[in-house]
Amino acid sequence: MNRLLATDFERARKNIIFLFGEIVMFMYGIYVPVSLHNDNIKYLHDASYDKGFCAYVIPVGILMAFFCCIYCGEEYEGRTVQNKIIVGHSRKSIYSAQWLSCIMVGSIMCLSYFIPSLFIGRILLGSQSRSLSELLMYFISAMLCVFACVSLYCMLITTIQKRIAGTALTLFVLLVIIYFGIIVWQDLHLPANTMQFHVVDGVMTESYGANPHYPQGGFRIFLEYLFDFLPSGQAWQFNTMTAEKLPRMIASSLILLFITFISGITIFEKRDLK
């Protein structure tokens, strides 16, 4: 297993998407604190460096969708997986090594942002506005969100043998997740009261009353749980540093991580490799 993982990671490390992602995230890690510093000067803001603490989640999630599709797709199309089975590796160890390689690549992309952002942010923006324990919770939650996305991508690419088709499926699912995240966010941020207009005896009157579309009760609780469960909902909260239920988000990411990993292994073990 260790040799298999080392071989897979060496191949992943040479992948052009990985190298491109490292450069992009490193530059983004410089851009965010510099941009916050400029905004502080221009608009007289007082943003600390932790405002962009988890800004890597969205771009890494998108980059890893392309990486997993290209990297895993090449293994299936190039008969690398078949050769590993012929040599004597089990399907479970093959999938696990591939999965761990993608997780490691995602971690490196996150660190490619985090290191320059932290270093430059501390210089330009000073100390953080949140406690170290809260920032640690944010970091763990954000990394688990990235891992859950990577695990989902690995599972999806396993269902289709063709790299292009697998990429199309993965990107489609990613867009669906983003779409539902936006819809849930819009519903949760509807105003509780709105201005309403009525026509009485030909005269238009206005009144300030309850918004009939405002989600309440159990439905609102369900939307809040859904927003904390969806990777797109979590990513938005990390990007704006507005997460209020970090333990729940950690649990949601772990559940998604576990389900997608087990499902990926199950699909891969039953898959007819041509």
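How much space lies in the second largest pocket? About 290 Å³. Keep in mind that this is a predicted model, and that every value below was computed from it. Here is a tour of the pockets, the cavity, a surface patch and a few single residues.

**The two pockets**

Start with that second largest pocket. It is lined by 14 residues, and those nearest its centre are L188, F227, Q237, T242 and E244. Three helices, α7, α8 (217-229) and α9, each put at least two residues into the lining. Of these, α8 gives the largest share, with four residues. As for chemistry, the lining of the second largest pocket splits into four nonpolar, four polar and six charged residues.

Now for the largest pocket, which holds about 370 Å³ of space. Its lining counts 17 residues, with I58, I178, P231, S232 and A235 closest to the centre. At least two lining residues come from each of α3 (57-77), α6 (132-158), α7 (163-188) and α9 (231-240). Here it is α7 that supplies the largest share, six residues. The make-up of this lining is 14 nonpolar residues, three polar ones and no charged ones.

So what about enclosed space: how many cavities of 30 Å³ or more are there? The count comes to one. The largest cavity has a volume of about 40 Å³, and its lining consists of Y49, G52, F53, Y113, F114, S117 and L118. Sorted by class, that makes five nonpolar and two polar residues, with no charged ones.

Here are the three linings by class:

| Space | Nonpolar | Polar | Charged |
|---|---|---|---|
| Largest pocket | 14 residues | three residues | no residues |
| Second largest pocket | four residues | four residues | six residues |
| Largest cavity | five residues | two residues | no residues |

**A nonpolar patch on the outside**

Over on the surface, F229, I255, F258, I259 and I262 form a nonpolar patch, and together they have about 460 Å² of accessible area. Which helix gives the most to this patch? That would be α10, with four residues. One of the patch members, I255, lies in helix α10. I255 counts as partly exposed because its relative accessibility is 45%, which falls between the 20% and 50% cut-offs.

**A residue with an unusual backbone angle**

Where is M241 found? Look in the loop between α9 and α10 (246-270). Its phi is positive, about 55 degrees, although M241 is not a glycine. For context, most residues other than glycine have a negative phi. Is M241 buried or exposed? M241 is buried, because its relative accessible area is 4%, and buried means under 20%.

**T7, and a long way to H213**

Finally, go to helix α1 (residues 2-13), where T7 has its place. T7 is partly exposed, since its relative accessible area is 45%. How far apart in space are T7 and H213, C-alpha to C-alpha? The two are 54 Å apart in space, and 206 residues apart in sequence.

How values were computed
Residues numbered from 1 in each chain as written. Predicted model: local features only at pLDDT ≥ 70, side-chain atom pairs only at ≥ 80, totals over all residues. Heavy atoms only, no water. 1 Å grid on protein atoms, 1.4 Å probe; cavity = no way out; pocket = protein on both sides within 12 Å on 5 of 7 lines; lining within 4 Å. Points joined across faces, edges and corners; volume = space filled by probe spheres on them. Nonpolar A, V, L, I, M, F, W, Y, C, P; charged D, E, K, R; others polar. Buried < 20%, exposed > 50% of the residue type's maximum accessible area, 1.4 Å probe, protein only. Patch = residues over 30% accessible without salt bridge, like charges linked within 9 Å, V, L, I, M, F, W, Y side chains within 5 Å. Areas by Shrake-Rupley, 256 points an atom, 1.4 Å probe, with all protein chains shown as cover. Salt bridge = Lys/Arg side-chain N within 4 Å of Asp/Glu carboxyl O.
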